[in-house]
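Here's a quick tour of one model, with a few local details picked out along the way. Have the viewer open while you read.

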Amino acid sequence: MTTITITGIAELRATLEGFSDRRFESALAEAINETGKAVRDEWGGQLHTRIDRPTALTKGAAVLRRADVGRLVAEVEMRDSIKGSDALPPSAYLEPHEFGGDRQTKKFERALQARGAMPSGHRVVPGQYAKLDAFGNISRGQIVQVLNQLGANLSVGYQQVISRNQGKRERSAARAGRVYVPVPRDVGKLTAGVYERVDRTLRPVFFFVARTKYGKRLNLMEHAAVVVPKVLMASLERAIEKRWASLQRRSGNAA
């Protein structure tokens with residue numbers, strides 16, 4: 001979390017004789033919220049243009065917690081939960097794009113690790129025969145097929161029930177024409193991963209890698225530090241002018 005401090009507010013307040021504290025705080029809250037909106041929109045622009053094929057959730061990941069009189073703080077942050085789902089929220093999966101480094105483990109990766117199909121600390125990357133969705137992610141349907149067959153525990157988000165009978169799972173998969181084989185570690189010419197068995201051929205669906213290094217793609221904090229001082233003071237001047245005009249109209253009416 002980064003805090004941005006703006007100086008000169010107290011000096012400005014001291015020049016506004018006849019302006020009540022509540023009226024000034026109202027103007028300041030309005031200016032802070034306008035600034036927060038500007039930061040949120042700037043972040044949204046980065047998410048839209050710098051993330052490859054962003055989903056609707058990613059595009060709208062930046063949210064604004066508004067300021068009010070008595071609470072002169074606005075917060076712009078990434079969504080940290082997804083209603084009705086235990087999937088990684090934007091705050092988690094976008095972190096490596098802001099700071100670089102490895103991404104967090106996804107829920108289906110944790111399921112593979114719990115089953116012993118994938119070593120702890122590893123991540124999944126698509127193989128040649130992975131089915132990808134429109135956003136370049138491994139399709140939900142294929143993930144469910146693999147986990148169903150391997151007997152890994154699925155989270156509530158998948159809304160699937162796993163049969164405890166491994167033989168029944170394998171026969172069902174064979175009838176459907178798909179048998180998935182986990183290879184937890186490199187064996188001969190086979191790289192660790194999950195393969196689809198077709199006759200006597202193994203086709204790579206997922207590979208297991210120790211790290212998934214992300215380079216920095218976003219500049220959220222740096223840009224916020226530029227937007228805030230530029231927008232806040234101009235917004236505060238407009239909010240004060242609006243309230244001065246309203247105060248003068250009231251004075252004129254009273255006269």
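## A buried glutamate, a helix pair and two odd phi values

The side chains of Glu 109 and Arg 103 are joined by a polar contact of 2.7 Å. Keep in mind that this is a predicted model. Glu 109 sits in helix 6, and with a relative accessibility of 0% it counts as buried, since the cut-off for that is under 20%. Setting aside neighbours within four places in sequence, Glu 109 touches Arg 103, Gln 104, Met 118, Arg 123 and Val 124.

Now for the helix that carries Glu 109. Helix 6 (residues 107-115) packs with helix 7 (residues 140-150) at an angle of about 15°, and their axes are 11 Å apart. Angles under 35 degrees count as roughly parallel, so that is the label for helix 6 and helix 7. The crossing of helix 6 past helix 7 is left-handed. On the helix 6 side, Phe 108, Ala 111, Leu 112 and Arg 115 make the contact, while helix 7 brings Ile 143, Val 146, Leu 147 and Leu 150. Sorted by class, that contact of helix 6 with helix 7 has seven nonpolar residues, one charged and no polar ones.

Which loops hold Arg 53 and Asp 199? Here they are, with their backbone angles and exposure.

| Residue | Phi | Loop | Relative accessible area |
|---|---|---|---|
| Arg 53 | near 45° | between helix 2 (21-50) and helix 3 (56-59) | 44%, partly exposed |
| Asp 199 | about 55° | between strand 6 (193-198) and strand 7 (201-209) | 72%, exposed |

Arg 53 has a positive phi without being a glycine, and Asp 199 is a non-glycine residue with a positive phi too.

Methods: Residues numbered from 1 in each chain as written. Predicted model: local features only at pLDDT ≥ 70, side-chain atom pairs only at ≥ 80, totals over all residues. Heavy atoms only, no water. Axes fitted to C-alpha atoms, helices over the stretch in contact; angles between N-to-C directions. Helix = DSSP H or I, 4+ residues; strand = E, 2+ residues; numbered from the N terminus. Parallel < 35°, antiparallel > 145°, perpendicular 65-115°, else oblique. Left-handed = near helix turned anticlockwise from the far one by under 90°. Contact = heavy atoms within 4.5 Å. Nonpolar A, V, L, I, M, F, W, Y, C, P; charged D, E, K, R; others polar. Buried < 20%, exposed > 50% of the residue type's maximum accessible area, 1.4 Å probe, protein only. Polar contact = N/O pair within 3.5 Å; in protein donor to acceptor, adjacent residues only side chain to side chain.
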